[in-house]
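Biologist: Could you walk me through one part of this model up close? I'd like to start at the end of a helix and then see what else is worth a look.

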Amino acid sequence: MPLIKSISGFRGTIGGQAGSNLTPEDIVSSVAGYGDWLIRSGAARKVVIGRDGRPSGPVVSALTAATLQSMGIDVIDCGLATTPTVEMAVVSRGAGGGIILSASHNPKEYNALKLLNDKGEFISHAAGQDLIASVQSGNITYAGVDDIGTLTTDDRALQDHIDAVLAHPLVHTEAIKAAGFSVVLDAVNSVGAISIPPLCAKLGVSCQVMNGTLNGQFAHNPEPLPANLSGLIERMKTSGADLGIAVDPDVDRLALVGPGGRWIGEEYTLVTVADYVLQHEPGPVVSNLSSSRALADIAEKYGQAYHASAVGEVNVVEKMKAVGATIGGEGNGGIIDPRLHYGRDSLIGLALVLSHLATSKKTINELRDSYTHYEMVKDKLDLDPRLDLAEALSAMEALYPEVRQTDIDGLKLDFPDGWVHLRGSNTEPIVRVYAEAGTQDRARELAAGVKSKFTELTGT
């Protein structure tokens with residue numbers, strides 16, 4: 001995979017030639033650009049770092065820490081840590097920023113530098129452009145020998161994160177304990193194995209762990225989609241557990257499986273949480289354009305406004321702040337609860353789902369039955385690097401004059417009985433093609449029709 005510099009930071013495969021992959025040279029130059037931006041922004045010269053379980057993590061972490069220190073920046077290393085843990089630690093440790101060393105749902109050969117500001121949130125698009133320009137210029141000044149930054153380890157960050165979840169006003173710890181829940185966790189051989197079980201223990205929830213060896217040798221494709229979670233689905237058919245949960249390698253996405261192996265899915269994680277939250281704290285809700293219509297239906301049920309943002313956590317957060325959202329996130333299983341922090345967080349997501357189950361006295365299957373039923377298809381097309389995607393999508397608009405369109409992020413076509421969203425990926429050289437309708441067949445039909453026209457139009 002070529003090195004990608006985007007709103008999501010710097011991402012690529014390990015190995016290969018500098019400038020083409022995420023090599024040591026690219027890691028150092030990218031981190032140096034971030035350090036230069038941090039210093040110029042006037043933020044505290046202190047950065048929190050943490051990594052997921054993938055095999056390249058120790059090397060990437062060491063290079064990252066040494067580069068920051070060489071710029072006179074103090075480093076707080078959380079070691080193996082979830083993305084939301086690092087985000088929260090930036091604020092609680094008074095740091096000027098943070099770097100999460102994780103390629104999220106990508107396979108083990110990938111890694112990435114995900115960049116945070118002093119609020120523990122992903123840096124803005126403008127900051128990212130400034131930072132990339134700094135990297136490309138190579139005009140970086142390093143610290144003298146007497147000004148090299150310090151390196152300290154932080155073994156309290158995860159416990160502080162768990163404590164904050166337990167203290168959340170809508171997490172009903174006693175009700176959850178009284179319910180005596182049991183869950184099955186697919187930790188996909190990463191930091192879910194050290195973060196979800198201790199949270200469950202504090203909540204009095206029995207937790208069976210699948211793929212719990214923390215070695216980054218992912219037992220399956222780590223994206224929490226039904227095609228990749230057959231083991232968890234099969235286990236839920238016979239385990240007798242109340243809930244099956246799957247997280248991605250950095251634990252900011254949460255997918256749900258019900259008793260009997262019923263796929264609840266990542267799209268309905270946010271719907272379930274919003275259903276619970278809006279009962280207690282009404283307010284606007286936000287998700288991105290590629291998320292299910294079911295969230296808008298829940299908002300309407302409680303008489304609240306629904307708002308859509310461009311895809312990407314930073315865009316969702318920006319929209320949530322603008323409208324004063326009480327809950328938000330992305331349909332990929334990312335829950336963002338502003339009472340805790342403005343970042344996708346599987347720990348608070350799980351705690352709120354369990355609180356909903358405990359207080360409603362309903363099973364997850366019963367809750368799912370109460371929501372509008374939609375089926376989603378997530379497809380993709382390889383992106384020809386010679387293609388002007390913006391121009392191609394503009395041409396696509398003209399092919400659907402009778403269809404409601406949104407172009408704040410790629411092109412979304414809202415048909416009467418479903419929608420299709422085409423957009424360039426922030427993390428891979430592809431065009432994502434998501435579609436949703438009342439049935440899987442109709443969603444596939446909508447996606448296939450739009451893909452066919454795009455392919456015919458572009459010759460790809």
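**A helix and its surroundings**

Modeller: Just after helix H12, Lys361 takes a positive phi of about 60 degrees. Keep in mind that this is a predicted model. H12 itself runs over residues 346-360. Its 15 residues should span 21 Å at 1.5 Å a residue, and the end C-alpha atoms are 21 Å apart, so the two values agree. Now look at the other end, the N-terminal one: Asp345 caps H12 there, with a side-chain oxygen 2.8 Å from the backbone nitrogen of Leu347. How much of H12 is covered? Mostly, it is: 13 of the 15 residues are buried.

Next, the salt bridges. Side chains of opposite charge can pair when their charged atoms come close. The structure holds 29 salt bridges, and Asp414 is a good one to follow. One of its partners is Arg293, with the closest N and O atoms 3.2 Å apart. That pair links distant parts of the chain, 121 residues apart: Asp414 sits in strand S19 (residues 411-415), while Arg293 sits in the loop between strand S13 (285-288) and helix H10 (294-301). Asp414 also forms a salt bridge with Arg404, and here the closest N and O atoms are 3.7 Å apart. Arg404 lies in strand S18 (residues 404-406) and Asp414 in S19, so this pair ties together parts that are 10 residues apart in sequence.

Are these residues buried or exposed? Asp414 has a relative accessible area of 11%, so it counts as buried, because the cut-off for that is under 20%. Arg293, at 23%, counts as partly exposed. Arg404 is exposed, with a relative accessible area of 57%.

For a pair inside a single helix, go to H15 (residues 440-458): both Arg442 and Glu445 lie there, three residues apart, which is about one turn of the helix. An α-helix has 3.6 residues a turn, so residues three or four places apart point the same way. Arg442 and Glu445 form a salt bridge, with their closest N and O atoms 3.1 Å apart. Arg442 is partly exposed, at a relative accessible area of 25%. Elsewhere, salt bridges that share partners join Lys114, Asp250, Asp252, Glu313, Glu330 and Arg344 into one network.

Two names from that network, Glu330 and Arg344, come back when you look at the cavities. There are two cavities of 30 Å³ or more in the structure, and the largest has a volume of about 500 Å³. Its lining is made of 30 residues, and Val311, Gly312, Glu330, Asn332 and Arg344 lie nearest its centre. Which elements give two or more residues to that lining? They are helix H11 (313-323) and strand S21 (430-437). By type, the lining residues of the largest cavity divide into 13 charged, 12 polar and five nonpolar.

Strand S21 also leads to a last stop. Asn426 lies in the loop between strand S20 (418-424) and S21. Its relative accessibility is 22%, so Asn426 counts as partly exposed. Along the chain, Asn426 and Ala103 are 323 residues apart, yet their C-alpha atoms are separated by 12 Å.

Definitions and conventions. Residues are numbered from 1 along each chain as its sequence is written. This is a predicted model: local features need pLDDT of at least 70, side-chain atom pairs count only at pLDDT 80 or more; totals for chains, interfaces and linings use all residues. Side-chain values use heavy atoms; hydrogens and water are left out. On a 1 Å grid over the protein atoms alone, a cavity is a set of points where a 1.4 Å probe fits but cannot get out, and a pocket is an open set with protein on both sides within 12 Å along at least five of seven lines; lining residues have an atom within 4 Å of a point. Grid points are joined across faces, edges and corners, and a volume is the space filled by probe spheres set on the points. Helices (H or I, at least four residues) and strands (E, at least two) are DSSP runs, numbered from the N terminus. Ala, Val, Leu, Ile, Met, Phe, Trp, Tyr, Cys and Pro count as nonpolar, Asp, Glu, Lys and Arg as charged, and the others, Gly among them, as polar. Buried means under 20% relative accessible area, exposed over 50%, partly exposed in between (1.4 Å probe, protein chains only). A salt bridge is a side-chain nitrogen of Lys or Arg within 4 Å of a carboxyl oxygen of Asp or Glu. The expected span of a helix is 1.5 Å times one less than its number of residues. A polar contact is a pair of N or O atoms within 3.5 Å; within protein, one must be able to donate a hydrogen and the other to accept it, and residues adjacent in sequence count only if both atoms are side-chain atoms.
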